[in-house]
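Visitor: Please take one helix of this model and go through it closely. I would like to know how it sits against its surroundings.

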Amino acid sequence: MSYSQLLNLHSLLNEEQFEVFLNYFSSLSKSCKLTISSTSSSCSFESGLVKKIFGVLVDEKILKYSFAVRCPECNILLVSADNIADLESEIYCYNCDEHVDISPGDVDVIYVFDNYPFAEGQQNYSEISLSSSVALSDRCLDELIKDGKLDLNNAFFSPTEKEYKELESLYLKIFETQKTTKEKGDTLENLTCRLFSICKHFSAAPLKLHPNQIDCFVRNKLYLPGISSEKCKSNFTIECKNEATKPKAGYVNKLHSILRVTGNSFGIIVSKEEAPKTFVELANNIFLREDIVIISIDKDDLKHIIFYRTNLLELMERKIDEVKLKATKDLVSAGLYEC
């Protein structure tokens with residue numbers, strides 16, 4: 001480990017503790033899987049101290065998080081993954097012989113090496129087994145989120161430069177002249193479906209329903225606190241308005257009607273023009289009456305997401321809160337959100 005990394009650990013450990021931990025840590029293999037409880041036992045440290053040590057090592061990119069999902073019914077290990085975006089909200093349990101719903105409380109946090117800091121050849125290669133019969137970790141994903149150690153919005157929405165370029169091109173097409181009304185409408189629908197599909201836990205596509213055509217139907221494949229709590233754990237609906245006028249009450253009422261018919265409680269209006277300032281009040285009235293949340297994303301929001309790299313998921317969370325709270329003060333200037 002580098003000198004600065006050693007100093008960071010020295011702020012947590014005395015000389016004797018540092019020596020104990022360094023001897024233990026340097027004996028581990030490159031493929032070792034660590035937990036707070038196992039390290040606490042091996043070093044005779046309190047679990048709270050190990051938690052702080054691991055926090056430093058994650059910040060220094062020596063360790064990284066890995067995740068293991070257990071069945072909420074029988075507690076058997078179902079699947080493990082290094083990338084949280086690879087986990088879905090519903091997983092088949094072969095022991096219970098049924099599909100089970102997974103929440104962050106069912107996801108154990110494990111630590112693995114991100115950048116191995118030692119020369120290989122001196123390790124004893126002892127590893128922690130991912131046995132389904134033992135508890136993997138005394139820490140779950142819920143706790144990691146509450147501690148502010150994992151930003152799910154950035155984990156799930158992180159477009160590549162190539163994807164940003166694609167979104168930029170689709171955005172500019174919205175304002176170009178098209179041959180037909182359908183082609184004009186398709187430009188905003190194409191951008192919207194592509195934008196939401198880039199989120200690692202979303203699948204988005206137009207959907208034909210009788211008697212309505214849904215511009216963009218989004219399937220949510222993972223429980224995501226903040227977004228999923230708005231009753232869109234499985235899916236939600238987006239209506240696109242590509243006309244050169246603001247999306248007035250009639251458009252809100254249309255989406256409201258679709259949500260009621262389909263039994264969903266969350267929807268988004270994406271518009272080419274700026275959303276009216278009265279929109280939040282109208283949406284708040286619907287929320288208070290029927291517990292249905294409708295938010296808007298307009299051309300300025302899209303511009304900030306695509307060109308200024310605003311996080312789509314954080315923007316959605318903010319707009320959900322604005323509708324529910326009908327806040328008189330901007331939530332960004334209040335310091336509650338970054339975008």
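Guide: Helix α9 buries Tyr251, Val252, Leu255, His256, Ile258 and Leu259. This is a predicted model, and the burial follows from its coordinates. Viewed down the axis of α9, the buried residues fall within an arc of 160 degrees, so they line one face of the helix. The general geometry fits this: an α-helix has 3.6 residues a turn, so residues three or four places apart point the same way. On the face of α9 turned away from the buried side are the exposed residues Gly250, Arg260 and Val261.

The length of α9 can be checked as well. At 1.5 Å a residue, its 14 residues should span 20 Å, and the end C-alpha atoms are 20 Å apart, which agrees. Just after α9 comes Gly263, with a positive phi of about 75 degrees.

As for what lies over the buried residues of α9, the cover includes strands β8, β9, β10 and β11 as well as helix α10 (279–290). The four strands belong to an open sheet of five, ordered β7-β8-β9-β10-β11, with mixed pairing. At its edges are β7 (202–208) and β11 (293–297), each of which pairs on one side only. Direction ignored, neighbouring strands in this sheet are turned by 25 degrees against each other on average. Strands β7 and β8 (residues 213–220) run antiparallel and are joined by six bridges; in one pairing, Leu207 has Ile214 of β8 as its bridge partner.

Helix α9 (residues 249–262) packs on this sheet, where it touches β8, β9 (235–241), β10 (266–271) and β11. The direction of α9 makes about 155 degrees with that of β9. A second helix, α12 (residues 312–325), also packs on the sheet, touching β7, β9, β10 and β11. The direction of α12 makes about 130 degrees with that of β11.

Helix α7 (residues 161–174) can be read in the same manner. The 14 residues of α7 should span 20 Å at 1.5 Å a residue; the end C-alpha atoms are 21 Å apart, which agrees. Buried in α7 are Tyr164, Leu167, Glu168, Leu170, Tyr171 and Ile174.

Now the wider setting. The protein chain has twelve helices and eleven strands, and of its 339 residues 47% count as buried. Among contacts between residues at least 6 apart in sequence, 64% join residues at least 24 apart. The largest nonpolar core holds 93 residues, of which Phe25, Phe67, Phe196, Ile268 and Met316 touch the most other members. Helix α4 (residues 47–59) gives the largest share of this core, seven residues.

There is also an open sheet of four strands, in the order β1-β6-β2-β3, and its pairing is antiparallel. The edge strands here are β1 (33–34) and β3 (77–81), each pairing on one side only. Two bridges join β1 to β6 (residues 107–113), and Lys33 has Val112 of β6 as its bridge partner.

Terms used
Residues are numbered from 1 along each chain as its sequence is written. This is a predicted model: local features need pLDDT of at least 70, side-chain atom pairs count only at pLDDT 80 or more; totals for chains, interfaces and linings use all residues. Side-chain values use heavy atoms; hydrogens and water are left out. The expected span of a helix is 1.5 Å times one less than its number of residues. Buried means under 20% relative accessible area, exposed over 50%, partly exposed in between (1.4 Å probe, protein chains only). Two strands pair if DSSP finds at least two bridges between them. Axes are lines fitted to C-alpha atoms, for helices over the stretch in contact, and angles run from 0 to 180 degrees between N-to-C directions. Contact means heavy atoms within 4.5 Å. The arc is that of the directions from the helix axis to the C-beta atoms. A nonpolar core is a set of buried Ala, Val, Leu, Ile, Met, Phe, Trp, Tyr and Cys residues joined through side-chain atoms within 4.5 Å.
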